[in-house]
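Biologist: Hi! Could you pull up the structure so we can chat it through together?
Modeller: Sure, here it comes.

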Amino acid sequence: MNLAVSNTNNNIQGNLKITGSKSESNRLLILQALYPGLKIENLSNSDDSQVMAAALQKGNGEIDIHHAGTAMRFLTAYFASREGVEVILTGSKRMRERPIRLLVDALQRMGADIEYTQDEGYPPLKIRGKKISTKTVSLAANVSSQYISALMLVAASLPNGLEIILNGQVTSEPYILMTLGLLKQVGIDGEYVNGRIFIQPTKDIAAKTIAVESDWSSASYFYSLAAISETAEIKLSNFNKNSKQGDSCLSQIYEKFGVVTEFGKNSITLKKEKGQKPNRISEDLRNAPDIAQTIAVTCLALNMGCELKGLHTLKIKETDRLEALKAEIEKFGAEVKISKDSLTLRPCRNLKEGVKIATYNDHRMAMAFAPLGLRTKLIVEDAGVVSKSYPEFWSDFEKLGFQVSETN
Ligand SMILES: O=C(O)C1=C[C@@H](OP(=O)(O)O)[C@@H](O)[C@H](O)C1
Ligand SMILES: C=C(OP(=O)(O)O)C(=O)O
């Protein structure tokens, strides 16, 4: 499904409720499988959370987690540590290109029985669950924090708990802190000091209900929209100032674009007044890689330049996001330079109209470009990809006055 996207109204007003954070949801689903006394409210309705829930329910045989990176990584640690379970964990063509060796090596050193059924270092994996009683494991922390969260999530269910030693510069660290925060909320003791994580063994938890905060990465597209519009007032419910999600740094980053965040009781309101914007911005996104596409497109729309750094993880996400951003932004006539971990955009005054955005099976390519519809007409190819994290994305954009219609 290709969608033509446009909007000529430069004053954006509305109230929305975005689905629950997929990162929090996928952690809580694993924890619920380990500790059935846990109840979850506002669970994400994303494809990634649905495949996670279905995989946990199935629990044996061949399990296909499609494009869901967190499901792939968290379930590898989960099944490897469930004695007697046998699964083949597989995924989409892209998932079979996303590396998992660091996690598999760590689990194997802990005594897990995992084999690669196709290419060494990549899914699919044949996992025969075993009792794991190793006390300590170390692994490189500079490739994906998901490997570390995967170990943390099962750590308390191991008879001795687990000490995880992180080597190298830690990437996407807020996601590790999110995992730790949720473990503590569930009733598991743990700490993270000086590159070492300690999780205490925990057999049972007291019954409790945890409400998932809405998804800050999804909120980024409304920050972008507010920044690009002349004036805006967009209320998003179920967001909090003390978020566990690192992408809540959006509220600070988008101040540079003139978007002010008002924190209400369980909501945020994004306000934009007419005003000056800088010519360029520079950001290190090592801690918030999922908002890189959003920020790059905001700058493109505002005729600004940007230098985004700390992007070394983008090459192994749903697509190579650095190459994809360069290819799609340049279709508008702008100039983009990329290295293995950065992206530089030169300001571009006249954006081409009617550009067709390829989305590369990447939800964030579709959603990041959508707000650009305020500046120029564009077509988003395979627009249904948004369901990976945010199935109502297009209808929510329509609620804010966007014209969205099927096209060739
Ligand atoms: O743990 C998580 O929920 C996530 C961690 C990040 O991945 P990396 O640690 O691989 O950067 C992020 O990009 C992803 O969307 C979700
Ligand atoms: C990278 C992402 O997800 P995952 O790694 O879980 O596939 C994302 O949602 O941007």
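Biologist: Which helix gives the most to the shell around ligand 1?
Modeller: That is helix α5, residues 145-155, which gives three residues to the shell. One thing to keep in mind as we go: this is a predicted model.

Biologist: Got it. Which residues are around ligand 1?
Modeller: They are Ser-23, Thr-70, Ser-144, Ser-145, Gln-146, Ser-149, Thr-171, Ser-172, Tyr-175, Pro-289, Asp-290 and Thr-313. By class, the shell has two nonpolar, nine polar and one charged.

Biologist: And how is the chain divided into domains?
Modeller: Domain 1 is made of 2-20 + 214-407, and domain 2 is 22-211. The C-alpha centres of the two domains lie 29 Å apart. Their contact takes 20 residues from domain 1 and 24 residues from domain 2. On the side of domain 1 that touches domain 2, there are four nonpolar, 11 polar and five charged residues.

Biologist: Back to ligand 1 for a second. What does its shell draw from each domain?
Modeller: At least three residues come from each of domain 1 and domain 2.

Biologist: OK, now ligand 2. Why does it lie between the domains?
Modeller: Both domain 1 and domain 2 give residues to the shell around ligand 2, so ligand 2 lies between them. The residues around ligand 2 are His-67, Ala-68, Gly-69, Thr-70, Asp-290, Lys-317, Glu-318, Arg-364 and Ser-389.

Biologist: How many of those are charged?
Modeller: Four are charged, alongside four polar and one nonpolar.

Biologist: I keep seeing Asp-290. What does UniProt say about that position?
Modeller: An unreviewed UniProt entry places the feature "active site" at Asp-290. In this model, Asp-290 is listed around ligand 1, and it is listed around ligand 2 too.

Biologist: Where is Asp-290 found, in terms of strands and helices?
Modeller: Look in the loop between β16 (280-284) and α9 (292-301).

Biologist: Is Asp-290 buried or exposed?
Modeller: Asp-290 is buried, because 25 other C-beta atoms lie within 10 Å, and 20 or more is the cut-off for that label. Leaving out residues up to four places away in sequence, Asp-290 touches Ser-217, Asp-247 and Arg-364. Arg-364 is also one of the residues around ligand 2.

Biologist: Nice. What about Ala-141, where is that found?
Modeller: Ala-141 sits in the loop between β8 (136-140) and α5. With 23 other C-beta atoms within 10 Å, Ala-141 is buried.

Biologist: Which residues does Ala-141 touch?
Modeller: Not counting residues up to four places away in sequence, Ala-141 touches Ile-148, Leu-166, Asn-167, Gly-168, Val-170 and Thr-171. Thr-171 is one of the residues around ligand 1. Along the chain, Ala-141 and His-312 are 171 residues apart, while their C-alpha atoms are separated by 13 Å.

Biologist: And Asp-204, buried or exposed?
Modeller: Asp-204 is exposed, since there are just 9 other C-beta atoms within 10 Å. Its place is in the loop between β11 (196-199) and β12 (208-211). The C-alpha atoms of Asp-204 and Met-304 are separated by 53 Å, with these positions 100 residues apart along the chain.

Biologist: Switching to the backbone: which peptide bond is cis?
Modeller: The one from Pro-123 to Pro-124 is cis, with omega near 0 degrees. Pro-124 is in the loop between β6 (113-116) and β7 (125-128).

Biologist: What is the phi of Asn-42?
Modeller: Asn-42 has a positive phi of about 55 degrees, although it is not a glycine. Asn-42 lies in the loop between β3 (38-41) and α2 (47-58), and it counts as partly exposed, with 17 C-beta neighbours inside 10 Å.

Biologist: Let's zoom out. How many helices and strands are in the chain?
Modeller: There are 12 helices and 22 strands. The radius of gyration is 21 Å, close to the 22 Å that the globule rule gives for 408 residues, so the chain is as compact as a globular protein of that length.

Biologist: Last one: what share of the residues count as buried?
Modeller: Of the 408 residues, 50% count as buried.

Conventions: Residues are numbered from 1 along each chain as its sequence is written. Chains are lettered from A and ligands numbered from 1 in the order in which they are written. This is a predicted model: local features need pLDDT of at least 70, side-chain atom pairs count only at pLDDT 80 or more; totals for chains, interfaces and linings use all residues. A residue is near a molecule or strand if its C-beta atom, placed from the backbone, lies within 6 Å of it. Ala, Val, Leu, Ile, Met, Phe, Trp, Tyr, Cys and Pro count as nonpolar, Asp, Glu, Lys and Arg as charged, and the others, Gly among them, as polar. Domain bounds come from an automatic or database domain assignment. Helices (H or I, at least four residues) and strands (E, at least two) are DSSP runs, numbered from the N terminus. The radius of gyration is taken over C-alpha atoms; the globule rule is 2.2 Å times the number of residues to the power 0.38. A residue is buried if 20 or more other C-beta atoms lie within 10 Å of its own, exposed if 12 or fewer, and partly exposed in between; C-beta atoms are placed from the backbone. UniProt positions are given in the numbering used here, feature names are shortened, and annotations may be inferred rather than shown by experiment. Two residues are in contact if their C-beta atoms, placed from the backbone, lie within 7 Å.
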